[in-house]
Structures are given as structure tokens and as C-alpha cells.
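Please work through the following exercises with the sequence and the model side by side, trying each task before reading its solution.

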Amino acid sequence: MTAKEFEIFFRKMYLPLGMYALRLVDDADIAEDLEQEAFMKAWLYIENGGRIDNFSSFMYRTVRNVCLSYLRNRKETLDESNIPDVGEEEIDTSLRDAKIWKAIDGLPDKCREVFLMSKRDGLTNEEIAEELGISIKTVKNQMTKAFSRLREALSDGHKPFFLPFL
């Protein structure tokens with residue numbers, strides 16, 4: 001694998017692997033550090049002549065192992081049975097989560113801010129309006145705009161897409 005091929009895989013898999021790591025360690029900063037560590041391990045393996053047949057599976061397994069190592073070092077005892085092995089469901093979930101967050105990142109700034117305050121932070125329309133110094137009607141309009149754009153970005157063009165966390 002060339003450096004260019006590795007970079008292409010890195011860009012394609014960075015967000016999904018980050019979502020997977022986040023589910024394992026439940027801390028965004030630590031998940032990002034562990035994901036970077038996994039990519040470094042993969043690159044060193046490749047540089048030392050290692051051959052990877054399925055890079056995606058290899059990276060999910062590496063991220064899982066790096067996260068497990070972190071969790072073992074952090075806790076006296078770790079029940080590894082609570083951490084699922086890498087399978088199709090985990091990969092599909094991380095790809096879905098990455099797609100959702102990419103769509104959220106694509107929202108206009110004010111729209112994204114209102115949406116995240118509502119869905120991530122759990123604030124009411126009234127609390128958001130007060131916090132941002134805007135009307136409740138504006139909050140509702142921004143939420144409608146966010147849902148519309150997210151549905152459009154996340155649909156396959158012919159069937160509605162359900163946002164599982166909303």
C-alpha cells in the first residue's frame with residue numbers, strides 16, 4: 001500500500017472509525033487520540049512490510065484493540081464481554097453515525113447551532129431562544145430547516161431516512 005492509498009483510506013474511514021471509537025470509550029477527545037494511534041500502528045505495520053488484505057476490517061480491529069488496551073489500563077477490571085467484537089452491525093452503525101454527523105456539519109452555522117442545542121444539549125425552544133437572543137418562531141424555523149436539510153442529505157433520494165437519535 002502506497003502513502004497515497006493510505007491517505008485515501010484515512011480520509012474515507014476517519015469519521016466512521018472515530019464514531020466507533022467514541023462508542024467504545026465514551027469520550028470524544030480520547031476516541032480521537034486512540035483512533036490516531038490505530039492509524040499510526042497501521043502505517044508502521046505497512047512500512048515494516050506487513051500486508052493487509054482488507055484495510056477496513058483491519059482498521060476496525062486495530063481501533064477496537066487500541067480502545068480495549070486503553071480501557072484495561074484505565075480500569076482495574078474490564079468486562080470485555082460488554083464490548084462487542086467487530087461485526088457488520090458495528091461497522092454499519094459507525095458508517096451511519098458518520099453520515100449523520102457529516103450532514104449535521106453541512107448545515108448553515110445558525111441552523112446547526114440551534115439544532116445541536118435542541119438535540120444534543122436537550123434545550124427547549126424557549127431556552128434556545130433566550131440563550132441566542134432570538135424569537136421562538138426563529139428557533140422553530142431553524143429546526144424545520146435543519147430537519148428538511150438533514151432528510152434531504154440522508155435520504156437515498158427515493159425513501160425517507162429516519163434519524164434514529166431524534
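The exercises below concern a predicted model, and they go from the whole chain to single residues.

**Exercise 1.** Determine how many helices and strands the chain has, and in which pattern they follow one another.

*Solution.* Counting the elements gives seven helices and zero strands. Reading along the sequence then yields the pattern α-α-α-α-α-α-α.

**Exercise 2.** Describe how the chain is divided between buried residues and exposed area, and how its contacts are spread along the sequence.

*Solution.* Begin with burial: of the 166 residues of the chain, 33% count as buried. Turn next to the surface, where the chain exposes about 10500 Å², with carbon and sulfur atoms supplying 49% of that area. Finally, take the contacts between residues at least 6 apart in sequence, of which 59% join residues at least 24 apart.

**Exercise 3.** Decide whether Phe-115 is buried or exposed, and place this residue in the chain.

*Solution.* Locate the residue first: Phe-115 belongs to helix α5, which covers residues 109-119. Because its relative accessible area is 0%, and buried means under 20%, Phe-115 is buried. As a last step, consider Thr-144, which is 29 residues from Phe-115 in sequence, while their C-alpha atoms are 9.4 Å apart in space.

**Exercise 4.** Identify the helix that holds Glu-37, its exposure, and the surface patch to which it contributes.

*Solution.* Glu-37 sits in helix α2, residues 28-47. Its relative accessible area is 37%, so Glu-37 is partly exposed. On the surface, Glu-37 gathers with Asp-26, Asp-27, Asp-29, Glu-32 and Asp-33 in a patch of negative charge.

Notes
Residues numbered from 1 in each chain as written. Predicted model: local features only at pLDDT ≥ 70, side-chain atom pairs only at ≥ 80, totals over all residues. Heavy atoms only, no water. Patch = residues over 30% accessible without salt bridge, like charges linked within 9 Å, V, L, I, M, F, W, Y side chains within 5 Å. Areas by Shrake-Rupley, 256 points an atom, 1.4 Å probe, with all protein chains shown as cover. Salt bridge = Lys/Arg side-chain N within 4 Å of Asp/Glu carboxyl O. Lys, Arg positive; Asp, Glu negative; His and termini not counted. Charge placed at Lys NZ, Arg CZ, Asp CG, Glu CD. Helix = DSSP H or I, 4+ residues; strand = E, 2+ residues; numbered from the N terminus. Buried < 20%, exposed > 50% of the residue type's maximum accessible area, 1.4 Å probe, protein only. Contact = heavy atoms within 4.5 Å.
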